[in-house]
Amino acid sequence: MLQRPCTDFDPERVESPVERQNRLSALRDACPLAWSDAHGGFWLASRHSDVSIISGDAASYSSAKTFNEDLRQWEGGTVVPALPMRFIPSETDSPEWDRYRGVLNPHFGPKAVESRRARFADFAHALIDGHIETGCIDVVLDVGNPLSAIGTMQLVGFPTDDWWAWAKPFHEVTYHPTGSEALAKAVTDIEWVYVQIRDVIAQRRRQPESDLLSVLMQQELPGGPLSDEELFDLSVQLLGGSIETTTALIANTLMYLDTDKSCRSQLMGNRKLLRPAFDEFLRYFTPVQNSARRTMAPVQVGGIELPAGETILMSWASANQDRSVFPDADKVNIERSPNRHVAMGRGKHFCLGSFQARMIFEVVMNAIFDRLPDLEILVDEAVRYPSIGNVNGWVQMPARFAPGRVRESEDRAEK
Ligand code: HEM
């Protein structure tokens with residue numbers, strides 16, 4: 001009989017980041033693979049070594065999500081509690097996964113991302129222009145969300161005029177708790193986005209353009225071209241996986257720099273440090289806190305033998321605080337080296353958008369340091385997600401600064 005050493009860990013529990021870290025730290029020390037009854041039940045893996053083994057072995061641990069027609073519900077997948085949607089490629093296994101990553105990778109590699117940097121930088125400055133004369137800006141709602149959302153939407157091929165109607169349901173579905181009315185409303189709003197996505201796919205079938213959707217749908221692939229349904233699931237992941245995560249990193253970083261002024265001056269004075277700082281803030285805040293897998297065969301992990309069919313939630317957040325890997329894990333060290341964090345995952349499902357996220361992070365930090373050097377977060381008005389859930393993010397984060405001037409037209413890339 002399988003012994004299940006229990007924890008009351010629940011990603012949706014309302015608790016502070018410190019309480020969450022203390023809970024995970026106790027598990028790492030005493031019970032590295034623990035069973036939780038929450039959300040249908042799952043094992044929680046909290047040590048860096050176990051999380052690395054599980055995420056590095058896609059043959060034994062499945063990410064696939066399927067719809068059970070009899071029970072009318074989704075099963076498997078990487079998100080606990082499950083969302084009523086499937087992400088492609090993250091909720092697929094090989095050989096299906098290879099089909100998607102093969103076509104997506106060239107568009108998200110370092111060169112492709114660098115070619116977008118000037119456009120993103122120009123856009124970040126335009127967002128700041130919209131607020132610079134007022135002395136107030138919300139780093140979540142006025143900077144992180146629009147930059148990540150519009151950037152991704154333009155790239156994929158979606159119209160951006162109404163970007164907030166597209167991004168808001170993704171913003172809200174990320175943090176409203178399961179069973180809440182607010183979540184039900186956000187899910188309904190997301191249905192509207194789905195209709196728009198399907199419309200755009202149909203338009204591009206009729207008349208291709210130069211965007212990613214058009215390129216992907218025309219690509220010759222073993223097994224035939226991508227279907228509308230595949231393009232849809234893929235679009236949902238690109239939107240759902242990029243907006244809140246990148247915004248969460250930017251917001252947490254700015255909040256931290258508000259309290260550690262010497263770190264802020266160091267970064268402002270030496271922008272090369274933004275590279276290692278990106279990794280350290282990723283490690284420290286771990287915007288995507290957890291991802292799930294399902295065992296495909298009997299495995300031994302965390303000292304326990306598990307049969308096939310068990311759900312394991314890997315805590316990237318806990319692995320990133322593991323003192324056996326990160327000296328002074330509870331402190332930010334922007335020059336940490338090596339930094340073997342797993343905030344972007346590990347193994348074959350490693351984040352497709354890692355270079356894009358880094359580029360956006362650098363663009364935003366540089367724009368804020370250059371144009372709003374005295375930015376001060378209005379800490380009392382900043383609102384965290386009600387629970388840390390799967391994304392460690394913020395609902396809003398207003399800030400103030402000494403008002404400045406909008407850019408002259410010759411400073412803009414697109415006149
Ligand atoms: C700070 C920002 C980001 C963080 C922390 C983050 C984190 C992660 C993590 C932890 C995974 C692995 C999930 C797993 O193994 O189950 C992942 C996968 C993925 N991410 Fe990101 N991500 C970020 C930004 C982005 C962006 C900007 C995009 C797209 C433009 C993106 C697209 C994806 C995709 C498509 C996958 C699935 C990869 C696969 O399964 O092969 N992410 N991300």
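Visitor: Which hand does the crossing of α5 and α13 have?
Guide: Bear in mind that we're looking at a predicted model. The pair touches through Val-143, Leu-147 and Ser-148 on the α5 side, with Ile-360, Val-363 and Val-364 on the α13 side. As for the hand of the α5 and α13 crossing, it is right-handed.

Visitor: Are α5 and α13 parallel or oblique to each other?
Guide: Start with the geometry: their axes come within 11 Å and cross at roughly 140 degrees. Over 145 degrees would count as roughly antiparallel, and this angle falls in the remaining class, so α5 and α13 are oblique.

Visitor: What about α6 and α7, which hand is that crossing?
Guide: Helix α6 (residues 163-175) and helix α7 (residues 181-206) have axes that come within 8 Å and cross at roughly 140 degrees. Plenty of side chains join in, including Trp-166, Pro-169 and Phe-170 from α6 and Leu-183, Ile-190 and Trp-192 from α7. The hand of the α6 and α7 crossing is left-handed.

Visitor: Which element gives the most to the largest nonpolar core?
Guide: That core has 49 residues, and Leu-267, Phe-281, Leu-375 and Met-397 touch the most other members. Elements giving two or more residues include α4 (110-132), α9 (228-259) and α11 (274-285). The top contributor, with 10 residues, is α13.

Visitor: How many residues are in the second, separate core?
Guide: You can find your way into it through Val-79, Val-156, Leu-216 and Leu-239, which are among its members. Its residue count is 42.

Visitor: Back to Met-397: which residues is it in contact with, apart from its neighbours within four places in sequence?
Guide: Met-397 is one of the residues that touch the most other members of the largest core. Beyond its sequence neighbours, Met-397 reaches Ala-251, Met-255, Ile-377 and Ala-382. The rest of its contacts are Ile-137, Asp-138, Val-139 and Val-140.

Visitor: Which elements do the buried residues of α2 pack against?
Guide: Helix α2 covers residues 48-56, and its buried residues are His-48, Asp-50, Val-51, Ser-52, Ile-54 and Ser-55. They pack against strands β2 (42-45), β3 (61-62), β7 (290-295), β8 (299-301) and β10 (311-315), and also against α12.

Visitor: Which protein residue is the donor to the iron atom of the ligand?
Guide: Look in the loop between α12 (316-319) and α13 (354-371). The iron has a single donor from the protein, an SG atom 2.3 Å away. That atom belongs to Cys-351.

How values were computed: Residues are numbered from 1 along each chain as its sequence is written. This is a predicted model: local features need pLDDT of at least 70, side-chain atom pairs count only at pLDDT 80 or more; totals for chains, interfaces and linings use all residues. Side-chain values use heavy atoms; hydrogens and water are left out. Donors are N, O and S atoms within 2.8 Å of the metal (3.2 Å for Na, K and Ca); water is not among the atoms, so sites may look incomplete. Helices (H or I, at least four residues) and strands (E, at least two) are DSSP runs, numbered from the N terminus. A nonpolar core is a set of buried Ala, Val, Leu, Ile, Met, Phe, Trp, Tyr and Cys residues joined through side-chain atoms within 4.5 Å. Buried means under 20% relative accessible area, exposed over 50%, partly exposed in between (1.4 Å probe, protein chains only). Contact means heavy atoms within 4.5 Å. Axes are lines fitted to C-alpha atoms, for helices over the stretch in contact, and angles run from 0 to 180 degrees between N-to-C directions. Angles under 35 degrees count as roughly parallel, over 145 as roughly antiparallel, 65 to 115 as roughly perpendicular and the rest as oblique. A crossing is left-handed if the near helix is turned anticlockwise from the far one by less than a right angle, and right-handed if clockwise.
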